Structures are given as structure tokens and as C-alpha cells.
Amino acid sequence: MSNGLSSLQLTPVDLSQKIKLGSKSASIEDSVDKTALEAATNTLLTRLSELQEAFYADGRHALLLVLQGRDASGKDGVIKTVYGAFNPIGVHVAAFGPPTPLELRHDFLWRVHQVVPPRGMVGVFNRSHYEDVLAVRVRELAPESVWRARFEHINTFERMLADSGVIIRKCMLHVSSEEQHERLTARLDDPTKNWKFRLEDLKDRDRWDAYTDAYREMLERCSTPWAPWYVVPSDNKAVRNHLIARMLVETLESTNSVFPPMDDAVRTAAEGFA
Ligand code: ATP
């Protein structure tokens, strides 16, 4: 294809190389035809909704998309646009803010396990258990011995989910410092976006490099064959949505979901109905 679309594909992080999290890797190098991109994304979104129906009826698997990213990296946008393609009846969305006092009295995975989608459903996490090795690490909310042990806890937890039929895909929405600055400024300037602006966002922006280190180690330690991490160049929202939609289409297609045939007893009982 000459419109640059064929190269738009996500692959799991390559653990044999240093993961690039600089400004350059937040956007794709090839130029992409905007109109062709929009059309191709719409085709993927239609395909997602078709695939979801068989996935739901088949009921052997659940799908869980984990979204992590800095403030204003587009987590809400992905949910609105990509998950917006699905029939809401089969969708499960969970968002993770600061833990409540009760949640803090439990292990860090307690609140997470409860909202893992059941088989048949497509789920998405807006932030996740990874905050417990990101925000907790960078803001020094727990000692290193505590958050460091969590890499292994997370891998084991996700392995158990995968063994139980949950297909896990994890996307880090990677924005450059320049793009985040622009988006946060828009939140300050635009009265319809003021409500999204939080002081904590500014504090986290000051800790940019510490977050980069935390993200890098998270990607290195927790990208596994059963729950791979993808770094999604997210400075361009249309590219970001296209990449994630394509990866999800490929994931759902790989399940070979089928509509279950009618039970013989039901068919016999319904004879003469039509
Ligand atoms: P967002 O910033 O995701 O759009 P928001 O502004 O509505 O969401 P909340 O969802 O209430 O805010 O909370 C998000 C905040 O909660 C983030 O700053 C995140 O770092 C923090 N958070 C999430 N999980 C944890 C955790 N386990 N420990 C500490 N902080 C956490």
C-alpha cells in the first residue's frame, strides 16, 4: 500500500532491545494519508462489532485491554472511539483512581480481580494494577521492597487469568512531553475541558523522567507471552486509535469464535413453532 497504512501495526515490546520512550517514538515516522486512515479505521471498528457478537455467543474467552499512560495520553479517547464500536451490553469498563481506605487494607490486586471481565465480555481498564508499580513508585507511596515484589505478583496474577480464559492485551499510550504540554494547556484554556485539569497532573509532569524509568521497568518486567505490552505512539489520536483497533481485530479473530449450534433438545421442542 502506498498510503502508509500497511506499516501501522503494533508488536509486543521487544525485550532484547532497550525500549524507546523518547519524544520521537511517540509518533510514527511514515506519513499517512488522513482520509485513507479514517476509512481504514472505520472498517476495523465495524469488524470489531461483528467479531464481538460471535465472541459473546461463543463465551469461551474474555478480552481484557489494559490502558496505561501519562495524563492526557488519550485513555478516555481510546475507550470512547475504539470500545465505542462494541455493543455496550457486552462491554465492561473499569477505571482505577487512588485506592479507598478499604482498598488499602486489602492486597493491591483485590480491587482489580473483582472487575476482570467474565467470559464472553470485552473489558477495558482505564489505569490498572500497574499504578501500583508506577504512581506508587514515583510518588513514594510504598517502600521499594513492596512495589518491586509486585512485578512478580502481577505476572502470576495475569497468568492465572490467562489460564482461566482471559485474553490480556496491554497498551501504554506513549505521548511526548510537547504533546502532553499542549493537551494540558488546552484543558486550562478551554472552559469545556477545565474540569479535567488536576494539580496532581502538574506534579506528575515534573516527575517526567522518574515516570519514564518506572514505565520502562514495568514494560521490561511484565511483558509476557500471556499478557504482552504494546507501546502505542499516541501523539496522533487517529493513528493511536487505528493501531489499537487493528490489534484488537487480530486478537478477536485469533480466537476463532463461533456461534454455538442449537441444542438438539431445544430444536426438537421447537419443532412446529415456525
Ligand atoms: P485520569 O487522570 O485517569 O483521566 P481522573 O483525573 O478522573 O482520571 P481519577 O480516576 O480519580 O482521576 O484518578 C486517577 C489518579 O489516581 C491518577 O493520578 C493515578 O495515578 C491515581 N491512582 C490510580 N491507582 C492508584 C494507586 N493504586 N495508588 C496511587 N494512586 C493511584
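Colleague: What makes you say that the ligand sits in the largest pocket?

Modeller: A molecule sits in a pocket if more than half of its atoms lie within 2 Å of the pocket's grid points, and the ligand meets that rule for the largest pocket. Bear in mind that this is a predicted model, where local features need pLDDT of at least 70, side-chain atom pairs count only at pLDDT 80 or more, and totals for chains, interfaces and linings use all residues. Residues are numbered from 1 along each chain as its sequence is written, and side-chain values use heavy atoms, with hydrogens and water left out.

Colleague: Why is one space called a pocket and another a cavity?

Modeller: On a 1 Å grid over the protein atoms alone, a cavity is a set of points where a 1.4 Å probe fits but cannot get out, while a pocket is an open set with protein on both sides within 12 Å along at least five of seven lines. The largest pocket has about 1200 Å³, a volume being the space filled by probe spheres set on the points, which are joined across faces, edges and corners. The largest cavity holds about 120 Å³.

Colleague: What makes a residue part of the lining of the largest pocket?

Modeller: It needs an atom within 4 Å of a grid point. For the largest pocket, 43 residues pass, with Asp 71, Lys 75, Asn 126, Arg 127 and Arg 198 nearest its centre.

Colleague: How do you know which residues surround the ligand?

Modeller: A residue counts as near if one of its heavy atoms lies within 4 Å of the ligand. That gives 15 residues, and Pro 98, Arg 127, Glu 131, Arg 139 and Arg 198 are the closest.

Colleague: What makes the pair between Arg 139 and the ligand a polar contact?

Modeller: A polar contact is a pair of N or O atoms within 3.5 Å; within protein, one must be able to donate a hydrogen and the other to accept it, and residues adjacent in sequence count only if both atoms are side-chain atoms. A polar side-chain atom of Arg 139 is 3.0 Å from a ligand oxygen, so the pair falls within 3.5 Å. Ligand nitrogen also lies 3.2 Å from a polar backbone atom of Gly 97, and 3.2 Å from a side-chain N or O atom of Arg 111.

Colleague: Which residues lie nearest the centre of the largest cavity?

Modeller: Among its 14 lining residues, Gly 69, Arg 70, Asp 71, Asp 204 and Tyr 211 do.
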